[in-house]
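Trainee: I would like a close look at a single part of this model. Please take the second of the enclosed spaces and work outwards from there.

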Amino acid sequence: MKTVSISLSPNTEKDDLKIAFKELFSRKKIKGKHLKTFENNFKNYFDFKSVFSLNSGRSSLFLILKSLDIKKGDEIIVQAFTCNAVVNPILKTNATPIYTDIDKTLNIDIEKLKEKITKNTKAVIVQHTFGIPGNIKTIKEICNKHNLILIEDCAHSLGAKYNNKYCGTFGDVSFFSFGRDKIISSVYGGMIGVNNKNLINKIQSNYDKLDYPNRKWVNQQLMHPIIMNLLVLPLYNFLNLGKIILELSIRFKILSKAVSKIEYKGKLPDYFPQKLPNSLAKLANNQFKKLNKFNSHRLEIAKYYKENIGGMLEIKENATYLKYPVLTENGDEIIEEFKKFNIMLEDGWRKNAIVPPKTDLNKMIYKKGECQNAEEISNKIIILPTHINITKDIAEKIVYLFKSLV
Ligand SMILES: Cc1ncc(COP(=O)(O)O)c(C=O)c1O
């Protein structure tokens, strides 16, 4: 059996592979018609006044904060149980991230949020963790009352709805990610969606100053689905060949890492922020066309897990279930046992209030013990895959194995 992975190119299908191959030889890797096509499709889907495509969610958040004139001394509220890709753009503006604890939906705990607001608070970032909408209506009311900017982080929730309205359309501004393990993927990619006219102009003028990534960087991203699906995953456990190919590909810079070394220590690499290149827009647009299919599939798999193994989340028809979290006391053991059956559950969302696990909490300005629920949950959580390549047979196998281990 081909190795099942939750994070190594999970959304890739044959048509995506074909596009990646073709784009490797394209002369229009950087600028071209796919950028406008993708931006227009995205804009129409949400009915945004303006969208701006970038080379990651991190780039998008940084551009938003810069355009809001966020500076040293300002406080940005963000939930704990988030990733360093959310915190580093805040640190790059020299503002201070203020962490709020989470509730059972893995989203901001509203009561704790109220306690964190001070006269220096400028904005609140709402994460919609794993595609489960946060209580965005109440948070919006709190933001309005205190005159705070509401930023929606829709990295996990593209297509999710709260009260029948798309996540991403409640806040002053929102951003999306098309990272390798997100709802749709162009390996790296992001989008800002905005309706506020003043903010549109400011974002536009900062956006116009950005560069596109270079061809080498674009090639690294195009190689990702190809190497993962044709070499790494099929050979993952065959004499460890897949793992070796993966390590060598990164060492020789044929592939780039999802999170670079300096990001664990509070910095962003110099290729963020940049614009989305044309070839990645083509990949993203092809995936975007499959959004409903992807999200219905995720919902179906989430329902199956819920019925058969339970789990902390309620099933909501309009959530996107990027992944399916379960709390256990023996997560390490479960992850190791699953590996023996060619199922890789590691995705980094574990063991730390700010993930991936090796992130330096001091550099994130997070004090240990600050958000106890987030810490407790991150120690007990394991994540099950829901993506389009998880067939019913694989889901059955996952349930069977899981039940035999708890
Ligand atoms: C919740 C959340 N927000 C933002 C991001 C940043 O997205 P990107 O990886 O595209 O920079 C990520 C992923 O890394 C994420 O998981």
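Mentor: The second largest cavity holds about 50 Å³ of space. The model is a predicted one, and a search of the whole structure finds two cavities of 30 Å³ or more. The lining of the second largest cavity consists of Ile-6, Pro-10, Asn-11, Asp-181, Lys-182, Arg-298, Leu-322, Lys-323, Thr-386 and His-387. By class, that lining has four charged residues, three polar and three nonpolar.

Start with Asp-181, one of the lining residues. Asp-181 sits in the loop between β10 (173–177) and β11 (190–194). Its relative accessibility is 13%, so Asp-181 counts as buried, the cut-off being under 20%. The side chain of Asp-181 makes a polar contact of 3.2 Å with the side chain of Lys-182, and another, of 3.4 Å, with the side chain of Lys-323. Both of these lysines also line the second largest cavity.

Lys-323 leads to strand β12, which covers residues 323–327. Four of the five residues of β12 are buried, so the strand is largely enclosed by the rest of the structure. Strand β15 (residues 381–385) runs antiparallel to β12, and five bridges join the two. Within this pairing, Tyr-324 of β12 has Leu-384 of β15 as its bridge partner. As for side chains, those in a regular strand alternate between the two faces of the sheet.

Lys-182 leads the other way, to the ligand. A polar side-chain atom of Lys-182 lies 3.3 Å from an oxygen atom of the ligand. A polar side-chain atom of Ser-177 is 2.7 Å from a ligand oxygen. For Gly-57 the polar atom belongs to the backbone, and it lies 2.7 Å from an oxygen atom of the ligand. There are 15 residues around the ligand, and the nearest are Gly-57, Arg-58, Asp-153, His-156 and Ser-177.

Gly-57 and Arg-58 belong to helix α3, among its buried residues. The helix spans residues 57–67 and is mostly covered, with 10 of its 11 residues buried. Others on the buried list include Phe-62, Leu-63 and Ser-67. At the N-terminal end, α3 is capped by Ser-56, which has a side-chain oxygen 3.4 Å from the backbone nitrogen of Arg-58. Just after the helix, Asp-69 takes a positive phi of about 55°.

For comparison, take the other cavity. The largest cavity has a volume of about 90 Å³. Its lining comprises 14 residues, of which Ser-9, Thr-12, Ser-185, Val-187 and Pro-225 are the closest to its centre. These 14 divide into seven polar, five nonpolar and two charged. Helices α1 (14–24), α8 (215–232) and α10 (278–288) each supply at least two residues of this lining.

Helix α8 also takes part in an open space. The second largest pocket contains about 420 Å³ of space. Gln-220, Lys-253, Ser-256, Lys-257 and Tyr-271 are the closest to its centre among the 16 residues that line it. With three residues, α8 gives the most to this lining. By class, the lining of the pocket has seven nonpolar, five polar and four charged residues.

To return to the part you asked about: Lys-182 and Lys-323 both line the second largest cavity. Lys-182 has a side-chain atom 3.3 Å from a ligand oxygen, and a polar contact joins the side chains of Lys-323 and Asp-181.

Methods:
Residues are numbered from 1 along each chain as its sequence is written. This is a predicted model: local features need pLDDT of at least 70, side-chain atom pairs count only at pLDDT 80 or more; totals for chains, interfaces and linings use all residues. Side-chain values use heavy atoms; hydrogens and water are left out. Buried means under 20% relative accessible area, exposed over 50%, partly exposed in between (1.4 Å probe, protein chains only). Two strands pair if DSSP finds at least two bridges between them. On a 1 Å grid over the protein atoms alone, a cavity is a set of points where a 1.4 Å probe fits but cannot get out, and a pocket is an open set with protein on both sides within 12 Å along at least five of seven lines; lining residues have an atom within 4 Å of a point. Grid points are joined across faces, edges and corners, and a volume is the space filled by probe spheres set on the points. Ala, Val, Leu, Ile, Met, Phe, Trp, Tyr, Cys and Pro count as nonpolar, Asp, Glu, Lys and Arg as charged, and the others, Gly among them, as polar. A residue is near a molecule or strand if one of its heavy atoms lies within 4 Å of it. A polar contact is a pair of N or O atoms within 3.5 Å; within protein, one must be able to donate a hydrogen and the other to accept it, and residues adjacent in sequence count only if both atoms are side-chain atoms.
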